[in-house]
Amino acid sequence: MFENLSEKLERSFKLLKGEGKITEINVAETLKEVRKALLDADVNYKIAKNFTDEVKKLALGANVLNAVKPGQMMIKIVHDELAKLMGGTMTDIDLKGTPSVILVAGLQGSGKTTFSGKLANHLKSKKGRQPLLVACDVYRPAAVEQLKVLGASIGVPVFFEEGSTDPIAIAKAAVAHAKSKGYNVVIVDTAGRLAVDEAMMKEVTKIKDAIKPQEILFVVDSMTGQDAVNTAKEFNDRLDFSGVVLTKLDGDTRGGAALSIRSIVDKPIKFVSAGEKMESLDVFHPERMADRILGMGDIVSLVERAQEQFDTEEARKLHKKIAKNQFNFNDFLSQISQIKKMGNLKDLAGMIPGMNKMLKNVDIDDDAFKSIEAIIYSMTPAERENPELLNGSRRKRIASGSGTTIPEVNKLLKQFEETRKMMKMMTGGGKNIARMMGNM
Ligand code: GDP
C-alpha cells in the first residue's frame, strides 16, 4: 500500500541530511520533491500545493530543537499534515436509532456489496449487534445472490423481495421487518451504475427520503484515483452522505483518493478495506495511515486485529514482553504463524514497521516467510530466547543449516533488532515519539 509514495517522501527527506537547520533554500528542494511525490500519487494539484505551502510555513517557523535534525523535523511536520489532510482524528460510525439504518451507495464494482457484508460482520462480531442486510439492487439478480452468499457466510440474514422492481418499497419493508424482528442495524445495499447517472441518483435519493438513514456511506474504489474523488463529489452534491469507504487499498493504489477525498467533499473516511475476505475491513484512523505512508508501520492496527482473532491473554503477555524488550525469536515465529492466519499477507506485513520496505517487490503468498522461518528454526532454543548470543560463527552455522546465506541471516537479525526497538517505543506511547524520530 502506497509504497511508491512512501519511498519518494523518504528520498525527499534525505535531501535535508547533513543540513544544520531548515532554511528557505534547503527546504525548497525538499518540498519540490514532496509535492512531486504527492502528484505522482495522484493527489489533486491544488491539494498538493496547499499541502507543501503549509509544510513550508511550519518548517520555517518551527522551533528547531538542537536534538532534532531538520530531516526528522520535516518528517514530523509532514506526518502531522498528512494526518490532518485525511481528517485528523478518527470518526466513528453513528449507530444511534433502533434500528440504526445505514445506506450504502456507490458505483457498480466499487465494492458496495462486499462492504455491506463486511460491515455486517464487523458490527456483529465486534459491536455485538444484530444486523439485517437488505438487497435493493433489483436490476441485477446476481447482486442479490451475491449478498445472500455473503450473508450466509457470516451468519447474517438477508432481506429481499423476489421479483420486486421497487427498491424503495423493499427498503421500507426491510426497516419494518427489522423493527418487528428485533434487528438493531439495517444495512441497505443499493444498485450502482458504471458511471454517475440521473436514474441511479434519483433512486438512491428516494430510498434515503423513505428510510431516513443515520449513516449514508459512499463506497469508492481507491484504485480509480482522481476519478474516485470526482465521483465522490457528484454523489455528495446529490446525497449529502455522512462518510466514505475506501476499498481495494490492497491493490497498487497510489494513494491519491485517500489523500484528496477529505478536502474535496469534507466528509470523513470511516472505513477502509484491503482485501476480498470478510475480515478485511478496518476503521479508518488518519494518524495511523500517516504512520504507514511514512513507513512507520501500523503496529496498533496489527495488534488490534491480532487481538480480535487470537487469545487476548497471549496479546497481553506479548505486550509486556515488548515493553521489557524481551521480544525474542520464538515470539517472532508465533507472530508469523498468526499473521499467516489473518488474511492478506502483504497488507498485514506492511503494518510492521520496516517490513514494507523489506517486502517491496516481493510477491507474498504463504511461502513468503519460508526463509525467515528456516533461519529461526536453525537457531538453538537458547539463541531464539536470547538473540544477543548470535555471534559470527553461530550466524555461519545458521546460514548453512537453513540453506540461506550469512548476509540473509544478518539482514534478518538487523531487521529483528530494529523491529524490537521500534515496537518498544510504540508501546511507550507519546513520550517516546520524539525519541523514535531521533532514531530514524
Ligand atoms: P458492487 O458492484 O459495488 O457491489 O461491488 P462488489 O462488492 O461486487 O465488488 C466488486 C469486486 O471487487 C468483487 O470482485 C469484490 O470481490 C472486489 N472487492 C471488493 N472490495 C475489495 C477490496 O477491498 N479488495 C479487493 N482486492 N477486492 C475487492
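This note goes through the model, its sheet, the helices on that sheet and the ligand surroundings.

1. Basis of the model. The structure is a predicted model, in which local features need pLDDT of at least 70 and side-chain atom pairs count only at pLDDT 80 or more, while totals for chains, interfaces and linings use all residues. Residues are numbered from 1 along each chain as its sequence is written.

2. Confidence. The protein chain has a mean pLDDT (the predictor's confidence in each residue, from 0 to 100) of 84, and 82% of its residues reach 70 or more. Residues 429-440 have pLDDT below 50, and this stretch has 13 contacts in the model beyond near neighbours in sequence, a contact being two residues whose C-beta atoms, placed from the backbone, lie within 7 Å. The scores of the model are ipTM 0.99 and pTM 0.72.

3. The sheet. Eight strands would be read here as DSSP runs (E, at least two residues; helices are H or I, at least four; both are numbered from the N terminus), and the open sheet of 8 strands runs in the order β3-β2-β4-β1-β5-β6-β7-β8 with mixed pairing, where two strands pair if DSSP finds at least two bridges between them. At the edges stand β3 (158-159) and β8 (282-283), each with a single partner strand, so one side of each is left without a neighbour in the sheet.

4. Helices on the sheet. Helix α5 packs on the sheet and touches β1 (100-106), β2 (131-135), β4 (185-189), β5 (215-221) and β6 (243-247), with its direction at about 170 degrees to that of β4. Helix α9 (residues 226-239) also packs on the sheet, touching β1, β5 and β6, and its direction makes about 160 degrees with that of β5. Axes are lines fitted to C-alpha atoms, for helices over the stretch in contact, and angles run from 0 to 180 degrees between N-to-C directions.

5. Strand β6. The pairing of β5 and β6 is parallel, over 5 bridges, and D221 has T247 in β6 as its bridge partner. In β6, 5 of its 5 residues are buried, that is, with 20 or more other C-beta atoms, placed from the backbone, within 10 Å of their own (exposed is 12 or fewer, partly exposed in between). G243, V245 and T247 point one way from β6, whereas V244 and L246 point the other way.

6. The ligand. Of the 19 residues around the ligand, G111, K112, T113, T114 and S273 come nearest, a residue being near if its C-beta atom, placed from the backbone, lies within 6 Å. Helix α5 (residues 112-127) gives the largest share of this shell, 3 residues.
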